[in-house]
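Let's take a walk through this structure together, from the overall layout down to its ligands and one residue in the core. Have the 3D view open as you read.

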Amino acid sequence: MARIQTFNKIAAEGIALLEARGHQVGPDVHDPDGILVRSAKLQDITFGPSLRGIARAGAGVNNVPVSRCTEEGVVVFNTPGSNANSVKELVVAGLMLSSRKIIEGCQWVQTLDPAKVDVGKEVEAGKSAFGGPEIAGKRLGVIGLGAIGVMVANAGISLGMEVAGYDPYLSVNSAWGLSRSVLRATSLEALLADCDYISIHVPLNDETRGVINADRLNKTKKGARFLNFSRDALVDDQAMVKALKDGTISTYVTDFPTAALLGNPGVIAIPHLGASTPEAETNSAIMAAQQLADFLEQGNIKHSVNFPECIMDGNGGDRIILANKNVPNMVSRITTILAEAELNISDMLNRHRDDLAYNIIDVDQTISAATVEKLQAIDGVVMARVVPGGAG
Ligand SMILES: NC(=O)c1ccc[n+]([C@@H]2O[C@H](COP(=O)([O-])OP(=O)(O)OC[C@H]3O[C@@H](n4cnc5c(N)ncnc54)[C@H](O)[C@@H]3O)[C@@H](O)[C@H]2O)c1
Ligand SMILES: O=C(O)CC[C@@H](O)C(=O)O
């Protein structure tokens, strides 16, 4: 049984999955082995020595201190694609909202006083103030063609738009999913200069922070509509406000309102609703719970953002999981200690990602605490634990 602390409200299906597997789950769980989180910021939280894994029910992990987790041997998971359709649908709504003055028009209708005016007549007389162009035939630029970007690009094609995409790290999987009609933008600047509607779908990291800045906005097509359903800090807010004022950007639709944006004409601020559908919340919670449970119970790693993917079927005996710096001679030092403890290795898997290696080792005998301590003491070992019967 593992102890799993929840941050945020996690969909009941994910909690039920963990409880059905015998784990204790809830917001008040102390000394957790695992954490299940949505958007709560974990940066300021000190993790206890028992913590082994953090599962983010969602795509973005900028609320998790991933580098610190890696140093402490804590595996961080996310749930790629689990909420992509939910975001795509809201982006489609955002395209319409940015084009047609639907929000202003609805707000105006509510101001009409039926005691004083004929509402039907007033609507017909006043509606011309709220017109806006169709999106069909216009050009949509999609920055980042991952789970969400591919769906948005394909939706744009279905809606009769010309679509251009920009993603220097496009995966083979995304390429397979992308409509053949989507054009390839040769650079971010080319996409910005050429598109009437621009939607950004990249993770927030050191490379992408502030990627939409004053310089790039200056090169953006006059009057473009910009949609940000990814993260606030991708866009320089002050530069965006200036671009809205001088007409470079006609509408900024964002799922991440900030103080600097509120009250500025042309801003459509949505309260982070991209993943707020029952379907997405359920998908994300189940996927996060499943991945965390598989790791805590068996040491298997799927969809981690800091550890390599590593999955091995077991043989019913004890299993040791071990993370180490990816330097020469580590495997021989590990296996020497196991041999000295007269443990017979029945199966072993070693995978690496960047500077980190991860091992799953199944043995025929029971592993003692003393052996684990010797493994942990090897210079370069970040984490070593036994998963009792984990190879079962
Ligand atoms: N509004 C919401 O509720 C909501 C929900 C889900 C995800 N998100 C945000 O959307 C982001 C994307 O989600 P996803 O599921 O599509 O992720 P993903 O990992 O499937 O796709 C991200 C894509 O961005 C590309 N990319 C990375 N750096 C880039 C760069 N510098 N320029 C261009 N492309 C770059 C990657 O190659 C990848 O294809 C998440 O990181 C998260 O921040 C928001
Ligand atoms: O949990 C949410 O509501 C939002 C999740 C979203 O921002 C994500 O990155 O997946």
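Domain bounds, as used here, come from an automatic or database domain assignment. For this chain, the assignment gives domain 1 (1–83 + 277–307), domain 2 (84–269) and domain 3 (312–392). Notice that domain 1 is written as two segments, 1–83 and 277–307. Please keep in mind that you are looking at a predicted model.

Let's begin with the chain as a whole. Its C-alpha atoms fill a box of roughly 90 × 50 × 35 Å when taken along the principal axes. Within that box, the C-alpha centres of domain 2 and domain 3 are 49 Å apart. The secondary structure amounts to 13 helices and 16 strands. Of the 392 residues in the chain, 47% are buried. If you consider the contacts with a separation of 6 or more, 64% of them join residues that are 24 or more positions apart. Turning to the outside, the chain exposes about 18,600 Å², and carbon and sulfur atoms supply 52% of that area.

Now zoom in on ligand 1. Around this ligand there are 26 residues, and those that come nearest are Ala147, Ile148, Asp167, Phe229 and Asp255. Which domains contribute to this shell? At least three residues come from each of domain 1 (1–83 + 277–307) and domain 2 (84–269). By residue class, the shell around ligand 1 splits into 13 nonpolar, 9 polar and 4 charged.

Several polar atoms of the protein can be found beside the oxygen atoms of ligand 1. From the backbone, an N or O atom of Ser230 lies 3.3 Å from an oxygen atom of the ligand, and a backbone N or O atom of Leu145 lies 3.5 Å from one. Arg231 takes part through its side chain, with a polar atom 3.5 Å from an oxygen atom of ligand 1. On its own, ligand 1 has 860 Å² of accessible area, and the protein covers 87% of it.

Arg231 also leads us to the next stop, since this residue is listed around ligand 2 as well. The other residues there are Arg38, Ser39, Arg56, Gly58, Ala59, Gly60, Asn83, His272 and Ala275. This shell divides into 2 nonpolar, 5 polar and 3 charged residues. Three side chains are worth picking out for their polar atoms. That of Arg38 has one 2.6 Å from an oxygen atom of ligand 2, that of Asn83 has one at 2.8 Å from a ligand oxygen, and that of His272 has one at 2.9 Å. Ligand 2 exposes 300 Å² when taken alone, and the protein buries 90% of that.

Finally, let's visit Phe226, which sits in strand S10 (residues 224–228). Is this residue buried or exposed? Phe226 counts as buried because its relative accessibility is 0%, and the cut-off for buried is under 20%. Beyond its neighbours within four places in sequence, Phe226 is in contact with Leu192, Ile198, Ile200, Ile212, Val235, Met240, Ile249, Thr251, Tyr252 and Val253. For a sense of distance, look also at Arg180, which is 46 residues away from Phe226 along the chain. The C-alpha atoms of these two residues are separated by 24 Å.

Terms used. Residues numbered from 1 in each chain as written. Chains lettered and ligands numbered in written order. Predicted model: local features only at pLDDT ≥ 70, side-chain atom pairs only at ≥ 80, totals over all residues. Heavy atoms only, no water. Near = heavy atom within 4 Å. Polar contact = N/O pair within 3.5 Å; in protein donor to acceptor, adjacent residues only side chain to side chain. Areas by Shrake-Rupley, 256 points an atom, 1.4 Å probe, with all protein chains shown as cover. Nonpolar A, V, L, I, M, F, W, Y, C, P; charged D, E, K, R; others polar. Helix = DSSP H or I, 4+ residues; strand = E, 2+ residues; numbered from the N terminus. Buried < 20%, exposed > 50% of the residue type's maximum accessible area, 1.4 Å probe, protein only. Contact = heavy atoms within 4.5 Å.
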